[in-house]
Amino acid sequence: MKKKIAQTIQSLLDGGHYVFGEWIKGKSHTATTVVDKYTQEIFGQFHYLDHQQVENLTQLSRAAAERVVSLSAGERAEALLKLANELKAHREVMVELIILDAGKPRNYASTEVDRAVFTLEYAAAEAIRFSGELLNIDFLHGAGKNAMVE
């Protein structure tokens, strides 16, 4: 199991940067080496994105933000739950990555992953709840009515 997790982590590092559903190799000459904080074992190296890659991704991000705003509450909830489920499915890999990257003890790393899953599930539930503020305008011409303020 440990060897499989190590191989998965290595393949993640080799992949580069996961952006908009695909792996992008950084073209910058600057790289980061990922080292186990306890054993000093080198797990991999990846290159940063160059200026043009960052510019392209910034433009894509702006377009994506516009799409996200137009999603229904149900679509937002579905996307958050999908992410929570992916995180649960890869829980052990994520725990190991946190241990390697931050040098945290296993129980703290596990708690961090569990908290992330909970936060995503909670956000999904909140996405479909009533939002805004309900004001009582039950007077004068508003008798018997309420107003919603977003």
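Here are three short exercises, with worked solutions, on a predicted model.

**Exercise 1**

Decide whether Ser110 is buried or exposed, and find which residues it touches.

*Solution.* Start with location: Ser110 sits in helix α5, which covers residues 106–127. Next, take its relative accessibility, which is 15%. Buried means under 20%, so Ser110 counts as buried at its 15%. Finally, look for partners, leaving aside residues up to four places away in sequence: Ser110 touches Arg91 and Val95.

**Exercise 2**

Work out which residues make up the largest nonpolar core and which helix gives the most to it.

*Solution.* First, list the members: Ala84, Leu87, Val95, Ile98, Ile99, Ala109, Val113, Val117 and Leu120, 9 residues in all. Then sort them by helix: α3 (73–89), α4 (91–102) and α5 each supply at least two. The top contributor is α5, with 4 residues. Now zoom in on one member, Leu120: setting aside residues up to four places away in sequence, Leu120 touches Leu80, Leu83, Ala84 and Leu87. Do not stop there, though: a second, separate core has 7 residues, among them Ile5, Leu13, Phe43 and Val93.

**Exercise 3**

Check the span of α4 against its number of residues, then find which of its residues are buried and what comes just after the helix.

*Solution.* The expected span is 1.5 Å times one less than the number of residues, so the 12 residues of α4 should span 16 Å. The end C-alpha atoms of α4 are 16 Å apart, in agreement with that value. Next, pick out the buried residues of α4: Val93, Val95, Glu96, Ile98, Ile99 and Leu100. Last, step just past α4, where Gly103 has a positive phi of about 70 degrees.

Methods:
Residues numbered from 1 in each chain as written. Predicted model: local features only at pLDDT ≥ 70, side-chain atom pairs only at ≥ 80, totals over all residues. Heavy atoms only, no water. Buried < 20%, exposed > 50% of the residue type's maximum accessible area, 1.4 Å probe, protein only. Contact = heavy atoms within 4.5 Å. Core = buried A, V, L, I, M, F, W, Y, C linked by side-chain atoms within 4.5 Å.
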